[in-house]
Amino acid sequence: LFTTASGNVMTAADSVDTGFYYKQLSAPSDTTSFPIDTTIFINYTGMTLDGRVFDTTIEDVAKDYGIYSSGRTYEPVQINWSETEDDGYGGITMGTDDNEIIDGFALTLWQMRAMEKGIGVFYSPLGYSYSGSGNSIPGYSPLIFIIDIVEKPEN
């Protein structure tokens, strides 16, 4: 049992074997899985277990945690579902360039349904493993992602 920086209490009893835990924070508008070739939009915040935020699509969160960059656009990002050999979460990519995402992030999305908000917690092999990522994520870091599926932004 632990409490995240946002105050959500979680139990990790079911995650011992897999190193992954998902908790729904708000109910979806539809409980069916996303079909292949679907595009959705999300806001997210990524943090380490000690609550240090390293990435977010939300400007106020970036400012609150001291990671704001005036050169970045803070808005929902595009997530793409595409077909894979096993029809699993491996076909989930981000952005218009289909950037690959870490397995724990994709696995969190895979649990979610339309307009749902949830939190995924996972151990380092599903994240950045022994290498970490830059100065913000040390090697062997378990990670937390809070993800909110939102409407497509109007441009």
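Which residue is the bridge partner of Ile40 in β6? In this predicted model, the partner of Ile40 is Ile79. The two strands concerned, β4 and β6, pair in the antiparallel sense, and four bridges connect them. Strand β6 also pairs with β7, again in the antiparallel sense, over three bridges. Within that second pairing, Asn80 has Thr93 of β7 as its bridge partner. Of the five residues of β6, four are buried, and the strand is thus mostly covered.

The surroundings of Ile79 can be listed in some detail. When neighbours within four places in sequence are left aside, Ile79 is in contact with Thr38, Thr39, Ile40 and Ile42, with Ile92, Thr93 and Met94, and with Phe105 and Leu109. Ile79 also belongs to the largest nonpolar core, which holds 27 residues. The members of this core that touch the most other members are Ile42, Tyr44, Ile79, Phe105, Leu109, Phe145 and Ile147. At least two core residues come from each of β3 (20-26), β4, β6 (77-81), β7 (92-94), α2 (103-111) and β10 (143-150). A second core, separate from this one, has eight residues, among them Met47, Val53, Ile119 and Val121. In soluble globular proteins, nonpolar side chains tend to be buried together.

Helix α2 has six residues listed as buried: Gly104, Phe105, Ala106, Leu107, Thr108 and Leu109. The buried residues of this helix pack against strands β3, β4, β6 and β7, and also against β9 (117-122) and β10.

Strand β4 (residues 39-48) has a further antiparallel partner in β5 (residues 53-56), to which three bridges join it. Together β4 and β5 form a hairpin, with four residues between the strands. One residue of the turn, Gly51, has a positive phi of about 90°. Thr45 lies in β4 and stands opposite Thr56 in β5. The side chains of these two threonines are joined by a polar contact of 3.0 Å. Is Thr45 buried or exposed? With a relative accessible area of 9%, Thr45 is buried. Apart from neighbours within four places in sequence, the residues in contact with Thr45 are Val53, Asp55, Thr56, Ile58, Val61, Ile144, Phe145 and Ile146.

Aromatic rings were examined next. The structure contains seven aromatic pairs. One of them, formed by Phe34 and Trp81, is tilted, with 4.8 Å from centre to centre and 50° between the planes. Because Phe34 lies in the loop between β3 and β4 while Trp81 is in strand β6, this pair ties together parts that are 47 residues apart in sequence. Both rings belong to buried residues: the relative accessible area is 15% for Phe34 and 4% for Trp81. Another pair consists of Tyr44 and Phe105, whose ring centres are 5.3 Å apart; their planes meet at 80°, so the pair is edge-to-face. Tyr44 is part of strand β4 and Phe105 is part of helix α2, so parts 61 residues apart in sequence are tied together by this pair. Tyr44 and Phe105 are both buried. Ring pairs also link Tyr44 and Phe105 with Phe54, Phe122 and Phe145 into a cluster.

Side chains of opposite charge can pair when their charged atoms come close. How many salt bridges does a search of the whole structure find? The search finds two. In one, the side chains of Arg72 and Asp55 meet at 2.7 Å, N to O. Arg72 is in the loop between α1 (59-64) and β6, whereas Asp55 is in strand β5, so this salt bridge ties together parts that are 17 residues apart in sequence. Arg72 is partly exposed, because its relative accessibility is 31%. The other salt bridge joins the side chains of Glu59 and Lys63 at 2.9 Å, N to O. Glu59 and Lys63 are four residues apart in helix α1, so about one helical turn separates them. Both residues count as partly exposed, with a relative accessibility of 32% for Glu59 and 46% for Lys63.

Key
Residues are numbered from 1 along each chain as its sequence is written. This is a predicted model: local features need pLDDT of at least 70, side-chain atom pairs count only at pLDDT 80 or more; totals for chains, interfaces and linings use all residues. Side-chain values use heavy atoms; hydrogens and water are left out. Two strands pair if DSSP finds at least two bridges between them. Buried means under 20% relative accessible area, exposed over 50%, partly exposed in between (1.4 Å probe, protein chains only). A polar contact is a pair of N or O atoms within 3.5 Å; within protein, one must be able to donate a hydrogen and the other to accept it, and residues adjacent in sequence count only if both atoms are side-chain atoms. Contact means heavy atoms within 4.5 Å. A nonpolar core is a set of buried Ala, Val, Leu, Ile, Met, Phe, Trp, Tyr and Cys residues joined through side-chain atoms within 4.5 Å. A salt bridge is a side-chain nitrogen of Lys or Arg within 4 Å of a carboxyl oxygen of Asp or Glu. Rings of Phe, Tyr and Trp (its six-membered ring) pair if their centres lie within 6.5 Å; planes under 30 degrees apart count as stacked, over 60 as edge-to-face and the rest as tilted.
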